[in-house]
Every structure is written in structure tokens, then in C-alpha cells.
Amino acid sequence: MSQHPTQSDEQGAVDPNLPPDPSRRFWVASACTLGGVAGVATAVPLVGSFAPSEKAKAAGAPVEADISGLAEGEMMTVEWRGKPVWILRRSKAALENLPKHDAELADPQSDRPGYTPEWAKNEYRSRKPEYFVCIGICTHLGCSPTSHLQAGAQPGLPGDWPGGWLCPCHGSTFDLAGRVFANKPAPDNLEIPPYVFSADGTRITIGVEEDNKA
């Protein structure tokens with residue numbers, strides 16, 4: 001009885017004159033596919049470890065801002081916990097004008113609880129007089145005020161406007177220390193977030209307390 005040719009001899013060598021074995025091709029392809037999937041499954045967690053997780057973002061990881069190029073009178077905005085945080089570099093003239101309109105403010109000394117940490121309950125509401133840091137959200141209904149940093153008469157503002165912010169939603173106004181003017185819808189001054197300066201003073205890290213820098 002004649003024997004049918006086989007794909008390989010007893011030593012496992014493949015006869016090049018025979019057509020490829022479909023079952024062999026299936027298992028080779030399957031092994032390659034599984035190997036590729038395993039490689040991707042290993043790589044994804046590795047790559048993901050280099051970026052903050054969504055949980056960490058939601059928790060409000062600290063945000064660092066470079067203020068080395070911020071000129072007097074300029075303001076920059078960074079995002080922290082999904083909120084705009086304003087960093088304003090105030091001029092010497094702006095600082096000198098702050099106490100001159102205390103009588104027009106609803107809470108000039110920031111005595112009301114909840115929006116001003118103890119270390120910011122000073123004339124400047126800041127760690128350093130020159131720099132003012134606050135959350136740019138009105139304490140009335142959560143709108144974001146617009147900047148009107150220059151002093152003087154402007155549309156929708158009084159003629160003796162000292163510089164600050166105007167909420168376009170309901171007309172609340174805030175001075176350059178984020179203090180709300182009296183008889184306005186906003187019940188409180190703008191909120192001051194936790195932050196610290198770097199040792200050389202060129203960066204601000206928002207979301208870190210002074211006594212817990214690590």
C-alpha cells in the first residue's frame with residue numbers, strides 16, 4: 001500500500017515541494033497575534049504610568065506657574081481643579097491705592113470665613129504684596145469676572161475705578177486684592193487658593209500649603 005506524503009519527516013523537516021499546511025499557518029498566526037496583544041497589554045500600563053491619572057486630576061494635583069516673565073500690571077491664568085486661577089503682578093502704585101477705598105468694600109479685612117486663609121488676611125491678601133493669587137470665579141453664582149486692571153473711568157465702571165474685576169453676569173466688582181465692593185450681589189471676596197513660592201521666587205505652586213511643601 002502506498003503512503004501519502006507528509007508535511008515533515010521523522011526529524012521534523014518540512015518538505016519544500018509540498019503545499020503549506022493550513023493548520024500550521026493558523027497556529028503560527030495565532031501565536032503572533034497573542035504575542036502582539038500581550039505586548040500591547042504590557043505597554044499600556046507602562047505608558048499610562050507616566051501621566052497623571054484621571055483620579056489625580058480630579059483630586060486637584062498641584063500646578064506650577066512660571067512667573068519669571070510676568071511684568072508689572074500683567075495677569076496670567078492657570079487651571080487648578082478645573083477652575084481658573086489668576087496671578088497678578090501689582091505695581092507699587094496699585095499697592096499704595098489698595099487701602100484708599102476700604103470704606104467702599106463689603107469686607108475690607110477679609111473677616112468673613114471660608115474664602116480667605118489666615119495667612120492672607122492682610123492688606124494685600126497675599127503672601128507677597130507684589131503678587132496676588134486668587135480663584136477667578138465670582139462668589140455670587142460662579143461666573144468668571146472680566147479684567148479691568150487699569151484705574152480710571154471705563155464703560156460700566158465708576159469714574160474713580162481703582163482697577164480690578166467686573167462680573168459680567170450680575171455686576172459685582174472686585175478690587176486688585178479680590179475684595180468685593182459693597183452693595184453688590186457677590187457676598188464674599190474672591191477665594192484665595194493654597195500656594196507657595198519657589199525658593200528663588202520665579203515660580204508659584206498652587207495647591208500646596210506653606211507648612212506642607214513636600
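**Cysteine pairing and an antiparallel sheet**

The sulfur of Cys167 lies 3.9 Å from the closest cysteine sulfur, that of Cys138, and this separation is too far for a bond, since a disulfide requires the two sulfur atoms to be within 2.5 Å. In this predicted model, Cys167 is buried, with a relative accessibility of 3%. Cys134 is likewise classed as buried, at 0% relative accessibility.

The structure contains 1 disulfide, formed between Cys143 and Cys169 with an S to S distance of 2.0 Å. The two cysteines belong to distant parts of the chain, 26 residues apart. Cys143 is placed in the loop between strand S4 (131-135) and strand S5 (146-148), and Cys169 in the loop between strand S6 (164-166) and strand S7 (173-175). The link between Cys143 and Cys169 is left-handed, with -105° about the S-S bond. Cys143 has a relative accessibility of 18% and therefore counts as buried, whereas Cys169, at 39%, is partly exposed.

An open sheet is built from 3 strands in the order S1-S9-S8, with antiparallel pairing. Strand S1 (63-66) and strand S8 (195-197) occupy the edges; each has a single partner strand, so one side of each lacks a neighbour in the sheet. On average, neighbouring strands of this sheet are turned by 20° against each other when direction is ignored. Strand S8 is joined to the antiparallel strand S9 (residues 203-206) by 3 bridges, and Phe197 stands opposite Ile204 of S9.

How values were computed:
Residues are numbered from 1 along each chain as its sequence is written. This is a predicted model: local features need pLDDT of at least 70, side-chain atom pairs count only at pLDDT 80 or more; totals for chains, interfaces and linings use all residues. Side-chain values use heavy atoms; hydrogens and water are left out. Two strands pair if DSSP finds at least two bridges between them. Helices (H or I, at least four residues) and strands (E, at least two) are DSSP runs, numbered from the N terminus. Axes are lines fitted to C-alpha atoms, for helices over the stretch in contact, and angles run from 0 to 180 degrees between N-to-C directions. Buried means under 20% relative accessible area, exposed over 50%, partly exposed in between (1.4 Å probe, protein chains only).
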